[in-house]
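Colleague: I keep meeting words like "stacked", "buried" and "oblique". Could we go through how each one is earned?

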Amino acid sequence: MVTAEEDAHTRAVLSQAKTENFPVAPRFLPREWRNDLMAVYGFARLVDDIGDSDLTSGPAHAAHLGLPADQADDPLAMLDAFESDLHRVFAPAGPEPGHPLLRALVPTVRGRALAPEPFLALIEANRQDQKVRRYATYAELLAYCELSANPVGHLVLAITGTATPERVRLSDAVCTGLQIVEHLQDVAEDLARDRVYLPAEDMDRFRVGEGDLAAPTANASVRALIAFETERALGLLDEGTPLVRSVHGRLRLLLAGFTGGGRAAAGALRAARYDVLAGAPRAGALSVARESWASLRGEG
């Protein structure tokens with residue numbers, strides 16, 4: 001039985017779905033898919049909020065995980081407790097999970113026979129965020145995205161019963177592209193958390209230092225770097241676009257929304273002339289719809 005307080009905390013996490021670059025569980029999908037996708041989103045969003053120390057009502061979340069309130073601001077302790085609670089989701093017997101978002105995940109995991117590995121990878125990505133603050137090479141950043149982004153695509157394909165090795169490969173390209181675009185939008189916010197997701201080798205190439213990233217507006221070198229990384233992300237989205245045409249019906253619309261959302265976000269970066277320091281450029285609903293339609297038509 002979910003209490004009113006637990007329901008309020010759950011809704012606060014799930015409400016963030018509307019701020020994402022892509023549609024999470026649009027109404028044109030079957031209700032059972034929407035329910036399962038939102039259950040997975042609630043898990044992923046909460047893990048990210050823990051990793052970013054961005055929890056609303058942190059002590060309440062800590063209590064659900066069996067931790068004292070004074071550990072709510074310790075991301076590693078919270079992630080460890082969350083992982084322990086996650087294992088209860090997959091246990092055939094024993095106590096139910098303590099956190100309401102994990103209790104909500106149980107029917108999805110068991111009804112869809114989901115594996116624990118994608119969920120564990122998302123937790124591990126947020127652990128890595130506590131320990132790794134800089135990435136020397138693009139290859140290192142891609143390895144991080146294998147933990148932080150690609151598992152979400154694996155779960156979407158598993159929920160919809162459409163996973164094949166080729167679709168997983170294409171999904172990985174889309175998810176990594178989306179992750180990189182999000183990092184580009186949030187350069188200033190990430191730096192405030194002492195994180196830089198721009199590869200050091202690329203910063204050196206464009207003669208960008210961290211002092212340049214701390215400025216109120218982007219100089220020419222920063223803009224050139226962001227433009228370069230944006231094109232890389234668009235290349236990944238282009239590589240993954242055949243995923244949209246490999247499925248049918250309403251799932252095709254959903255996946256077009258993912259790729260279209262990423263392209264629209266890249267367009268917002270371009271429209272801001274790649275100045276990501278003055279504010280995080282975000283795409284409007286019209287541009288997302290336009291780019292999603294282009295994905296449906298096989299453009300891009």
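Modeller: What follows takes the labels one by one, for a model that is predicted.

Colleague: Let's start with rings. How many aromatic pairs does the structure hold?

Modeller: There are 7 aromatic pairs. Take Phe43 and Phe82, with ring centres 5.3 Å apart and 25° between the planes.

Colleague: Why is the pair of Phe43 and Phe82 called stacked?

Modeller: Rings pair if their centres lie within 6.5 Å, and planes under 30 degrees apart count as stacked. The values for Phe43 and Phe82 are 5.3 Å and 25°, so this pair is stacked.

Colleague: What makes this pair a tie between parts of the chain?

Modeller: Phe43 is in helix 2 (residues 31-51) and Phe82 is in helix 4 (residues 75-90), so the pair ties together parts 39 residues apart in sequence. Phe43 and Phe82 also belong to one aromatic cluster with Phe90 and Phe119.

Colleague: How do you know whether Phe43 is buried or exposed?

Modeller: Buried means under 20% relative accessible area. Phe43 has 0%, so it counts as buried. Phe82 has 0% too, so Phe82 counts as buried.

Colleague: And what are the rings of Phe206 and Phe228 called, and why?

Modeller: Their centres are 5.4 Å apart and their planes are at 45°, so the pair is tilted. Stacked needs under 30 degrees and edge-to-face needs over 60, so an angle that fits neither is tilted. Phe206 lies in the loop between helix 11 (200-205) and helix 12 (210-213), while Phe228 lies in helix 13 (residues 220-240). The pair therefore ties together parts 22 residues apart in sequence. Phe206 is buried, at 18% relative accessible area.

Colleague: What makes you say that the charged end of Arg205 sits over the ring of Phe228?

Modeller: One part of the test is that CZ of Arg is within 6 Å of the ring centre; the other is that it lies within 35 degrees of the ring normal. Arg205 is 4.6 Å from the centre of the Phe228 ring, and it is listed as sitting over that ring. The charged end of Arg232 likewise sits over the ring of Tyr138, 3.7 Å from its centre.

Colleague: Now the helices. Why are helix 15 and helix 16 called oblique?

Modeller: The axes of helix 15 (residues 249-271) and helix 16 (residues 285-296) cross at roughly 125° and come within 7 Å. Roughly perpendicular covers 65 to 115 degrees, and roughly antiparallel starts over 145. The angle of roughly 125° falls between those ranges, so the two helices are oblique to each other. The crossing of helix 15 and helix 16 is right-handed. Residues that make the contact include Ala256 and Gly260 of helix 15, and Val288 and Ser292 of helix 16.

Colleague: What makes Ala266 buried?

Modeller: Its relative accessible area is 0%, and buried means under 20%, so the label holds. Ala266 is in helix 15. Not counting residues up to four places away in sequence, Ala266 touches Val181, Thr230 and Leu234.

Colleague: One last check. What is notable about the phi of Arg207?

Modeller: Most residues other than glycine have a negative phi. Arg207 is not a glycine, yet its phi is positive, near 55°. Arg207 is in the loop between helix 11 and helix 12.

Colleague: Is Arg207 buried or exposed, and how do you know?

Modeller: Exposed means over 50%. Arg207 has 74% relative accessibility, so it counts as exposed.

Note on methods:
Residues are numbered from 1 along each chain as its sequence is written. This is a predicted model: local features need pLDDT of at least 70, side-chain atom pairs count only at pLDDT 80 or more; totals for chains, interfaces and linings use all residues. Side-chain values use heavy atoms; hydrogens and water are left out. Rings of Phe, Tyr and Trp (its six-membered ring) pair if their centres lie within 6.5 Å; planes under 30 degrees apart count as stacked, over 60 as edge-to-face and the rest as tilted. Helices (H or I, at least four residues) and strands (E, at least two) are DSSP runs, numbered from the N terminus. Buried means under 20% relative accessible area, exposed over 50%, partly exposed in between (1.4 Å probe, protein chains only). Axes are lines fitted to C-alpha atoms, for helices over the stretch in contact, and angles run from 0 to 180 degrees between N-to-C directions. A crossing is left-handed if the near helix is turned anticlockwise from the far one by less than a right angle, and right-handed if clockwise. Contact means heavy atoms within 4.5 Å.
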